[in-house]
Amino acid sequence: MSTRSGGMSNDGGNMQVVIQGGQVIDGRGGEPLRDAVVVIDGQRISYVGPGAGASWSPDARIINLPGATVLPGLIDVHVHLMNDGGPAAKNTVLGGYPGSAGTLTLRGYSNGLRALNAGYTTLRDLHAPYTTSIDLRNEIASGRVVGPRLRVCGQGLCITGGHMDKTTLPDSVTGRVGVCDTPEGFRQAARYWIKMGADLIKLNSDVGSRRDPDAPWVQEMSFEEMAAACSEAHKFGRHVAAHTAGGPPIEEAILAGVDTIEHGHWLTDRTIELMVKHGTYYVPTLIVNSKNFDYDPETLGASEESWDWLRRAYDAKWESLERARAAGVKIATGSDAGFLVDHGENAYEMVELVKGGLTPMEAIQAATKTAAELLGLGDQIGTLEAGKLADVIVVDGDPLVDVSVLTQTERITHVLKEGHLVKSPENPIV
């Protein structure tokens, strides 16, 4: 996949763009604005509101789509760009030889374009081999290549033989850095990835377990190990994400200082209480679990015990989501694209959220305002407001009536990132 220009599109960015849509969903949760106008000057939004109150220069670029919906650029806070989707994707991240850094970075660039084509202007990558995600982030930020804004952890941290340490090849082959077994080891690993430029730290605090049907999880990192990594990350202004399955291990992760709970199929009442108290975000990654059942156990290489665990996790996630929403836990969208889910299919996570009881507006907020706040970017992106960066998409249809319209990339007609028109009918991402 490529764009027609090697760097950021010359459309917009330094010119005035006026978007006139049938309705504007500004991401703040209120009623959509009807017959509204969004005016963009350079990289930022200068006006959002009724057309009667707007003004613009005679040479402004006008995008007039009366039946369309204008929204903030979408955000996915759990992806793996260096992985292609599909049942074999786990081999790149979890084991085996991942391939050269150059090949992976090019793959990540291509996958990032797929997400951008689907309206995703910001992604959080939660583990990539070598420093590929950091390098790609830097190249996109420099304007040398087109892509979504990235926030990256570099590599996730885990114990020896843990969830993200499945390979038996030496580190010199896999480029793996961050397998630790003591509090000081995890403190040092967090320092290393901060030094390398990571925006956040990811931990693998606990994983699914097939041993005990009544406790389908097992804690990998000790409380002391998690606390050491969190303390170091927070000292340098980085947040911490934790791969989790459920039960008391999540409670320990929150108490240790983790900021976002990823997956979390089995949330206890105590977990939800702690998440509300500490402001911990919940990224349920619903679609990747559902995607398992597009395949059969043989294709996935799943044993009878593993298949049973996947079914129980599928059932549990709906109850956890319902209780978390009712309690007021902050929910953000993460598709886990790269594992089973293809890049560009990110918006199916919103469909799952609606299936799980959220309203379409709540699902949209999970992919805009709440996700931006999780990233610490709520003052810059996530809502359409004057002064914010002009990350804006135009959709042919009404996602408040049918949120699945956001999964149809051909109906995402325009994508602007920081005022640059990176996708339009005249300049598609192909």
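Here is a walk through this structure, from the overall fold down to single residues. Keep in mind that what you're looking at is a predicted model.

Let's begin with the whole chain. The protein has 430 residues, and a compact globule with that many would have a radius of gyration near 22 Å; the protein comes in at 21 Å, so the two agree. If you lay the C-alpha trace along its principal axes, the spans are about 65 × 45 × 45 Å. In secondary structure you get 14 helices and 20 strands. Buried residues account for 60% of the 430. The accessible surface adds up to about 16,000 Å², with 49% of that belonging to carbon and sulfur atoms. As for contacts, take those between residues at least 6 apart in sequence: 71% of them join residues at least 24 apart.

Now zoom in on helix H3, which runs over residues 132-142. Its buried residues are Thr132, Ser133, Ile134, Leu136, Arg137 and Ile140. What do they pack against? The partners are helix H2 (101-117), strand E7 (120-125), strand E8 (149-152), helix H5 and strand E19 (412-417). Just after H3 comes Gly143, which takes a positive phi of about 90°.

Arg137 deserves a second look. Arg137 counts as buried because its relative accessible area is 13%, under the 20% cut-off. Side chains of opposite charge can pair when their charged atoms come close. Here the partner is Asp199, and the closest N and O atoms of this salt bridge are 3.0 Å apart. Asp199 sits in the loop between helix H5 (183-196) and strand E11 (200-204), while Arg137 is in H3, so the pair ties together parts that are 62 residues apart in sequence. At its end of the bridge, Asp199 is partly exposed, with a relative accessible area of 23%.

That bridge is one of 23 salt bridges in the count. For a local one, go to helix H6 (residues 223-235), where Glu232 and Lys235 lie three residues apart, about one turn of the helix. Their side chains meet in a salt bridge at 3.0 Å, N to O. Are the two ends buried or exposed? Glu232 is buried, with a relative accessible area of 1%, whereas Lys235 counts as exposed at 54%. The pair also belongs to something wider: Glu184, Arg187, Arg191, Glu232 and Lys235 are linked in a network of salt bridges.

A third example is the salt bridge between Glu362 and Arg325, whose closest N and O atoms are 2.9 Å apart. This pair links distant parts of the chain, with Glu362 in helix H13 (residues 360-366) and Arg325 in helix H11 (residues 304-327), 37 residues apart. Glu362 is partly exposed, at 29% relative accessible area, and Arg325 is partly exposed too, at 36%.

How many disulfides does a search of the whole structure find? The answer is zero. Take Cys153: the closest cysteine sulfur belongs to Cys158 and lies 12 Å away, so the two are too far apart for a bond. Cys158 is in no disulfide either, and the nearest sulfur to its own is that of Cys180, 7.9 Å away. For comparison, the cut-off for a disulfide is 2.5 Å between sulfur atoms. Cys153 counts as buried, at 0% relative accessibility, and Cys158 is buried at 0% as well.

To finish, consider two nonpolar residues. Leu421 lies in strand E20 (residues 420-423) and counts as buried because its relative accessibility is 2%. The C-alpha atom of Leu421 is separated by 9.5 Å from that of Ile393, which is 28 residues away along the chain. Val173, in helix H4 (residues 171-174), is partly exposed at 32% relative accessibility. Together with Tyr97 and Leu169, Val173 forms a nonpolar patch on the surface, and the three have about 260 Å² of accessible area together. Why can Val173 belong to such a patch? Patch members need over 30% relative accessible area, so Val173, with its 32%, makes the cut.

Conventions: Residues are numbered from 1 along each chain as its sequence is written. This is a predicted model: local features need pLDDT of at least 70, side-chain atom pairs count only at pLDDT 80 or more; totals for chains, interfaces and linings use all residues. Side-chain values use heavy atoms; hydrogens and water are left out. Patches are made of residues with over 30% relative accessible area and no salt bridge: like charges are joined within 9 Å, nonpolar side chains (Val, Leu, Ile, Met, Phe, Trp, Tyr) within 5 Å. Accessible areas come from the Shrake-Rupley method with a 1.4 Å probe; for residues, only the protein chains shown count as cover. A salt bridge is a side-chain nitrogen of Lys or Arg within 4 Å of a carboxyl oxygen of Asp or Glu. Helices (H or I, at least four residues) and strands (E, at least two) are DSSP runs, numbered from the N terminus. Buried means under 20% relative accessible area, exposed over 50%, partly exposed in between (1.4 Å probe, protein chains only). Contact means heavy atoms within 4.5 Å. The radius of gyration is taken over C-alpha atoms; the globule rule is 2.2 Å times the number of residues to the power 0.38.
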